[in-house]
Amino acid sequence: MKKIFRCVLLFGVFLMLVACGKPNSQKAFEKGFKETMTEIDKKMSEGDNEATKMMSKILQKATYTVNKVEENGNESELDVTIKAVNLTKYLSEFMVSLKPLIESNMGEEAFNKATVDYFSDLSKKDLDYTETNVKVYMEKVNGEWKVINTDDILIGIFGGLEEFVRVPQ
């Protein structure tokens with residue numbers, strides 16, 4: 001009797017483990033998010049622009065939570081919350097801090113120094129974050145899940161700054 005009970009219990013635990021696995025579209029999204037963050041960091045860290053490198057470090061603080069996944073055949077919809085540094089707030093502050101320098105016809109060197117100083121100080125602060133809810137639409141193409149609306153994810157990563165993501169039409 002104990003052996004039967006133990007077998008039934010083990011079978012139940014096994015079923016729970018199998019049922020708790022992530023859907024394939026979620027795994028693909030998570031992999032793609034990490035690859036995107038790596039690519040952003042790589043592109044922004046190239047060259048010798050210190051301000052861009054500091055901005056990259058700030059962007060790397062973005063995280064996500066997958067709230068819900070609905071897979072239906074070759075289509076999937078993920079409800080994702082992206083938490084990122086509130087760049088709208090900080091870039092607005094930065095522009096205000098530049099106003100006296102702009103009025104005094106600052107040169108490129110002064111602008112670069114002000115930019116590096118601002119983002120250097122910013123990276124040391126306890127930053128404010130914004131959360132963006134994104135419906136991520138995915139489609140299975142040739143057996144692999146692909147995100148259809150990548151711009152929406154990038155807007156979340158950039159703290160809601162659409163002008164950094166969308167190309168003007």
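# Exercises on a predicted model

The secondary structure of the chain comes to six helices and four strands. The model is predicted, and the exercises below refer to its 169 residues, of which 30% count as buried.

## Exercise 1. The strands

Determine the order of helices and strands along the sequence, and establish how the strands pair.

**Solution.**

Step 1. Read along the sequence, the elements follow the pattern α-α-α-β-β-α-α-β-β-α.

Step 2. Begin with strand β1, residues 63-72, which runs antiparallel to β2 and is joined to β2 by nine bridges. One bridge places Y64 opposite I82 of β2. The two strands form a hairpin with two residues between them, and G73 in that turn has a positive phi of about 65°.

Step 3. Continue from β2 to β3: this pair is also antiparallel, over 11 bridges. Here A84 has T130 in β3 as its bridge partner.

Step 4. Finish with β4, residues 144-147, which pairs with β3 in the antiparallel sense over four bridges. M138 stands opposite V147 of β4. β3 and β4 likewise form a hairpin with two residues between them, where N142 in the turn has a positive phi of about 50°.

Step 5. Consider burial in β2: eight of its 11 residues are buried, so that the strand is mostly covered.

## Exercise 2. The nonpolar core

Identify which residues touch the most other members of the largest nonpolar core, and which elements supply at least two residues to this core.

**Solution.**

Step 1. The core holds 35 residues, and those touching the most other members are F29, L87, F119, V136 and I153.

Step 2. At least two residues come from each of α2 (24-45), α3 (50-59), β2 (75-85), α4 (87-103), α5 (108-124), β3 (129-141) and α6 (150-157).

Step 3. Take I153 as an example. Residues up to four places away in sequence being set aside, I153 touches F29, F33, I82, V134, V136 and V147.

## Exercise 3. Helix α6 against helix α2

Describe the burial of α6, and classify the packing of α2 and α6 by their angle.

**Solution.**

Step 1. Within α6, the residues I153, I155, G156 and I157 are buried. Their cover includes α2, α3, β2, β3 and β4.

Step 2. The axes of α2 and α6 lie 12 Å apart and make an angle of about 60°. This angle makes α2 oblique to α6. The crossing of the two helices is right-handed.

Step 3. List the residues that meet. From α2 these are F29, F33, T36, M37 and I40; from α6 they are I153, L154 and I157. The spacing may be read against a general rule: an α-helix has 3.6 residues a turn, so residues three or four places apart point the same way.

Step 4. Just after α6, G159 adopts a positive phi of about 65°.

## Exercise 4. Residue N24

Is N24 buried, exposed or partly exposed, and which residues does N24 contact beyond its neighbours within four places in sequence?

**Solution.**

Step 1. N24 is located in helix α2.

Step 2. The relative accessibility of N24 is 46%; buried requires under 20% and exposed over 50%, so N24 counts as partly exposed.

Step 3. Beyond neighbours within four places in sequence, N24 is in contact with E71 and W145. The C-alpha atoms of N24 and W145 are separated by 7.7 Å, although the two residues are 121 residues apart along the chain.

Step 4. For the chain as a whole, 62% of contacts between residues at least 6 apart in sequence join residues at least 24 apart.

Definitions and conventions:
Residues numbered from 1 in each chain as written. Predicted model: local features only at pLDDT ≥ 70, side-chain atom pairs only at ≥ 80, totals over all residues. Heavy atoms only, no water. Core = buried A, V, L, I, M, F, W, Y, C linked by side-chain atoms within 4.5 Å. Buried < 20%, exposed > 50% of the residue type's maximum accessible area, 1.4 Å probe, protein only. Contact = heavy atoms within 4.5 Å. Pairing = 2+ DSSP bridges. Axes fitted to C-alpha atoms, helices over the stretch in contact; angles between N-to-C directions. Parallel < 35°, antiparallel > 145°, perpendicular 65-115°, else oblique. Left-handed = near helix turned anticlockwise from the far one by under 90°.
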